[in-house]
Each structure stands twice: as C-alpha cells, then as structure tokens.
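Visitor: I would like to take a close look at a single part of this molecule, and to follow how that part fits in with its surroundings. Please go slowly, since I am in my first year.

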Amino acid sequence: MKIGFIGLGIMGRPMALNLIKGGHQVTVWARRTESMRPLLDVGARAAVSPADAAQGNELVISMVADAPDVAEVMRGVASGAEPGLVAVDMSTIAPAAARQIGLDLAAAGVDFVDAPVSGGEVGAIAGTLSIMAGGSEAGFAKAKPAFECMGKNIVHVGESGAGQVAKAANQIVTGMGVLAVAEAFAFAAKNGVDAGKVREALLGGFAYSKILENHGQRMLDRNFKPGFKSWMHEKDLNIVMQTAHQLGLCLPGSAATAQMFNAMVGSGLGEEDSIAVLKLLERLSGQA
C-alpha cells in the first residue's frame, strides 16, 4: 500500500519504520527535516508538505502533538487528496475535535479514522501498540493492513470520535494506575518496609496489573527515562476533564490524578516519564 506518514517524533518514527518493514511504500513529512533522515535512509520518500504526503497515496497517517496540529496537517492532506483517500490520525486529541475534523474531511471527500494508540515508545518500536479506532467500517478496513504493522490489539470501537473516547478511558486507567502504584510504594517506604518485597507480594493477588509489574519495577529501579512523558499524560487527562465538564460527568479520581500530573509539570518533572509521579509524592512526604 502507498502510505503518507506525517509526524516523526518519539512515537511516529518507529511506527513509520514498521510500515516500511511491512512492505508498504511510505512517504514521510515532518516539520523538522532532520527527523525524516532515518526513514529516508531505509527507503522512504520525503514529502515537502502534508499535501504532498497525500498525493498519490491511498492512506495518510498523522502522529502529532494535539488537536490544532492535527487540524492543520489534515487541511493540507485534504488539499492534496485524490479520490478514495483515507486519512488516519493516531494522535491523542479530544473526541469532539476528532469528530469535527472528520466532518471537515468528509466535506472534502476524505474518509477519516481517529485511531489513537497505547503502548508508548516501547510498543511503537516493537509494533505491539494497542490501536483504538473510530470511523466508518470502510475506512477502518482500508487502514487495517497498516495498523497490523504497528499494533497487535486492534479494535474498531465505533463511529467517528469513538477511538478517542477509548483512548481517554485508557488514560484514566493508566494515570490512576501509575499513581496508585506510586502511592503504594511511598506508603511502604514511609513505613520502613521494602517496596520491592511489597510489589512481589501484590503481584500474586488481585492487586496485580501490568502497571504494577512493568512500571512498578521501573519505579524500583529509579528508571524515569521517558517512554511516555509526564506532560503528555497531563495533556491527556486535561482532555478527559474537559470532556467530563462538557458532559456534566463526575470523575473524582480522574480529577485528582490530573492535578497530580499538573503538579509534576509545574514542579519541573514534565519531561520525565509519568512514573516520576513517585518522585513528586516523595517530595511532598519528606522522603526525597
């Protein structure tokens, strides 16, 4: 398949690389030309604009920072689109924004699929991302061969915006999960108990989770190298809370977790992994 890929950051670059490894013909575009070089070295073609990334391709994928960026690149994609093009955004943005972008693209004759991902940089590199898609059945079907190069758990959740709803729900669970593990470890340490032994005990019961297993070990190792930066989780939880306010929905746990990640950004931990919330708790508790 001929695919355009827009956005080559920490997630986009390995995702585009996996498309090339999967045998697809990939055209790439990024604001910083140096970001394209690793893909060009393995056979990708360089586009000069989002419109150029769309021309002659069957599918265009974007992986950028936030809704305004998605809207901007998709306007360019629409201007270069040929009949039958499906545009896919794999960024994390508000469900309402995804629906509006879908409407705008439909008016230009482009089918739009919102397909945010979970799995972080590790999943992007390994091609094991969880992909949550919203949009038409036809659009999803056309994009699925590309999704299969980038992910393992691929679900068509529903109509336009449904993928972003699922991703927001994912960020609620992962955000609260990371905070819960960090609180458990801080609680153990403050009581003079080995947090590693506590983790070992919890892994055998109903407290088990992938977050406790994987992120918990990274907390014990003090490995705060970002796979998913704190400011990104703060942004995503802000999407959750904005949507909740629009719907009149009470999400007290999400609100408290959003405030913790907001405090992480405010205290200079925004560029560290979200598991660095442990460091913030330690500071607040006099453990640091």
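Which residues are buried in helix 7?

Guide: Please keep in mind that this is a predicted model. In helix 7, the buried residues are Gly139, Phe140, Ala143, Ala146, Phe147, Cys149 and Met150. As a general point about such a list, an α-helix has 3.6 residues a turn, so residues three or four places apart point the same way.

Let us turn to the length and course of the helix. Helix 7 has 14 residues, which at 1.5 Å a residue should span 20 Å, and because its end C-alpha atoms are 19 Å apart, the expected and the modelled span agree. There is, however, a kink of about 50 degrees at Lys144 in helix 7, and this kink lies shortly before the proline Pro145.

Next comes the place of the helix along the chain. Strand 8 and strand 9, the latter made of residues 151–158, run parallel and are joined by six bridges; within this pairing, Met132 stands opposite Val155 in strand 9. To get from strand 8 to strand 9 the chain passes through helix 7, and the β-α-β crossover that results is right-handed.

Now we can ask what the helix packs into. The largest nonpolar core has 34 residues, and Phe147 and Met150 are among those with the most contacts inside it, a group that also includes Phe5, Met15, Ile61, Val88 and Met90. Two or more residues of this core come from each of several elements, namely strand 1 (2–6), helix 1 (12–21), strand 2 (25–29), strand 4 (59–62), strand 5 (86–89), strand 8 (129–134) and helix 7 (137–150). Of these, helix 7 gives the most, with six residues.

Val88 offers a good view of this packing, for, leaving aside its neighbours within four places in sequence, Val88 is in contact with Ala143 and Phe147, and also with Leu59, Val60, Ile61, Ser62, Met74, Val113 and Ala115. Another core lies apart from the largest one; this other core has 27 residues, including Ala186, Val240, Phe261 and Val277.

For a last look beyond the helix, consider Ser230, whose place is in helix 11 (residues 230–247). Ser230 counts as buried because its relative accessible area is 0%, and, when residues up to four places away in sequence are not counted, Ser230 touches Phe261, Met264, Val265, Leu269, Gly270, Glu272, Asp273 and Ser274.

Note on methods: Residues are numbered from 1 along each chain as its sequence is written. This is a predicted model: local features need pLDDT of at least 70, side-chain atom pairs count only at pLDDT 80 or more; totals for chains, interfaces and linings use all residues. Side-chain values use heavy atoms; hydrogens and water are left out. A nonpolar core is a set of buried Ala, Val, Leu, Ile, Met, Phe, Trp, Tyr and Cys residues joined through side-chain atoms within 4.5 Å. Buried means under 20% relative accessible area, exposed over 50%, partly exposed in between (1.4 Å probe, protein chains only). Helices (H or I, at least four residues) and strands (E, at least two) are DSSP runs, numbered from the N terminus. Contact means heavy atoms within 4.5 Å. Two strands pair if DSSP finds at least two bridges between them. A crossover is right-handed if, with the strands pointing away from the viewer, the path from the first strand over the helix to the second runs clockwise. The expected span of a helix is 1.5 Å times one less than its number of residues. The bend at a residue is the angle between axes fitted to the seven residues ending there and the seven starting there.
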